[in-house]
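Hi,

Here is the structure I promised to pass on. Please have a look at it first, and then read my notes underneath.

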Amino acid sequence: IPKIMAHTRTLATEIVLSTPTTLAWKQTQEYTPRVLHKGFKVDSLVTCTLDGEGKVVYHKDQWNEKDYSHEGVGKVMKTLNGDYLGHVTRPPGDL
């Protein structure tokens, strides 16, 4: 995201579910693309399923009450990120 967005800000976060196998939270974020320089808000629901060691085995992100995981632009973004752009979007090793 840093390559595309000039700024990102988390405006609000609310935990909606926390169990040993599932974490879910709502968040409102503001994104400012490098080319537009005008921010836009996105409300999202993030759900992570964890294995017995607490590692994420499934991640689902819904933006503005829509599930983009399996169709359209969201599917393309997930495929590009997962299959081709991991070296760009991977967090630093020191995290």
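Below is what I found, starting with the overall layout and then going through a few residues.

A word on the ground rules: this is a predicted model, so local features need pLDDT of at least 70 and side-chain atom pairs count only at pLDDT 80 or more, while totals for chains, interfaces and linings use all residues. Residues are numbered from 1 along each chain as its sequence is written, and side-chain values use heavy atoms, with hydrogens and water left out.

**Overall layout**

The protein chain has five strands and two helices. Helices (H or I, at least four residues) and strands (E, at least two) are DSSP runs, numbered from the N terminus. Read from that end, the order of elements is β-β-β-β-β-α-α.

Of the 95 residues in the chain, 18% are buried. For accessibility, buried means under 20% relative accessible area, exposed means over 50%, and partly exposed is in between (1.4 Å probe, protein chains only). The accessible surface comes to about 7400 Å², and carbon and sulfur atoms hold 58% of that area. Those areas come from the Shrake-Rupley method with a 1.4 Å probe; for residues, only the protein chains shown count as cover.

Among the contacts (heavy atoms within 4.5 Å) with a separation of 6 or more, 23% are between residues 24 or more positions apart.

**The β3–β4 hairpin**

Strand β3 (residues 40–50) pairs with strand β4 (residues 56–63) in the antiparallel sense, over seven bridges. Two strands count as paired if DSSP finds at least two bridges between them. One bridge to look up is that of T49, whose partner in β4 is Y58. The two strands form a hairpin with five residues between them, and G54 in the turn has a positive phi of about 85 degrees.

L45 is a good residue to click on in strand β3. Its relative accessibility is 29%, so L45 counts as partly exposed. Leaving out residues up to four places away in sequence, L45 touches V16, W25, K26, K60, D61 and Q62. The C-alpha atoms of L45 and W63 are 6.7 Å apart, with their positions 18 residues apart in sequence.

**Salt bridges**

How many salt bridges does the structure hold? There are two, counting a side-chain nitrogen of Lys or Arg within 4 Å of a carboxyl oxygen of Asp or Glu.

One joins the side chains of E30 and R9, at 3.0 Å from N to O. E30 sits in strand β2 and R9 in strand β1 (residues 5–18), so this pair ties together parts that are 21 residues apart in sequence. R9 has a relative accessibility of 47% and therefore counts as partly exposed. Beyond its neighbours within four places in sequence, E30 is in contact with H7, T8, R9, L11, G39, F40 and K41. From E30 to T10, 20 residues apart along the chain, the C-alpha separation is 6.4 Å.

The other is between K55 and E53, with 3.8 Å between the closest N and O atoms. Both K55 and E53 are exposed.

**One loop residue**

V35 belongs to the loop between β2 (22–33) and β3. Is V35 buried or exposed? It counts as exposed because its relative accessibility is 73%. The C-alpha atoms of V35 and I4 are 8.4 Å apart, although the two residues are 31 apart along the chain.

Happy browsing, and all the best!
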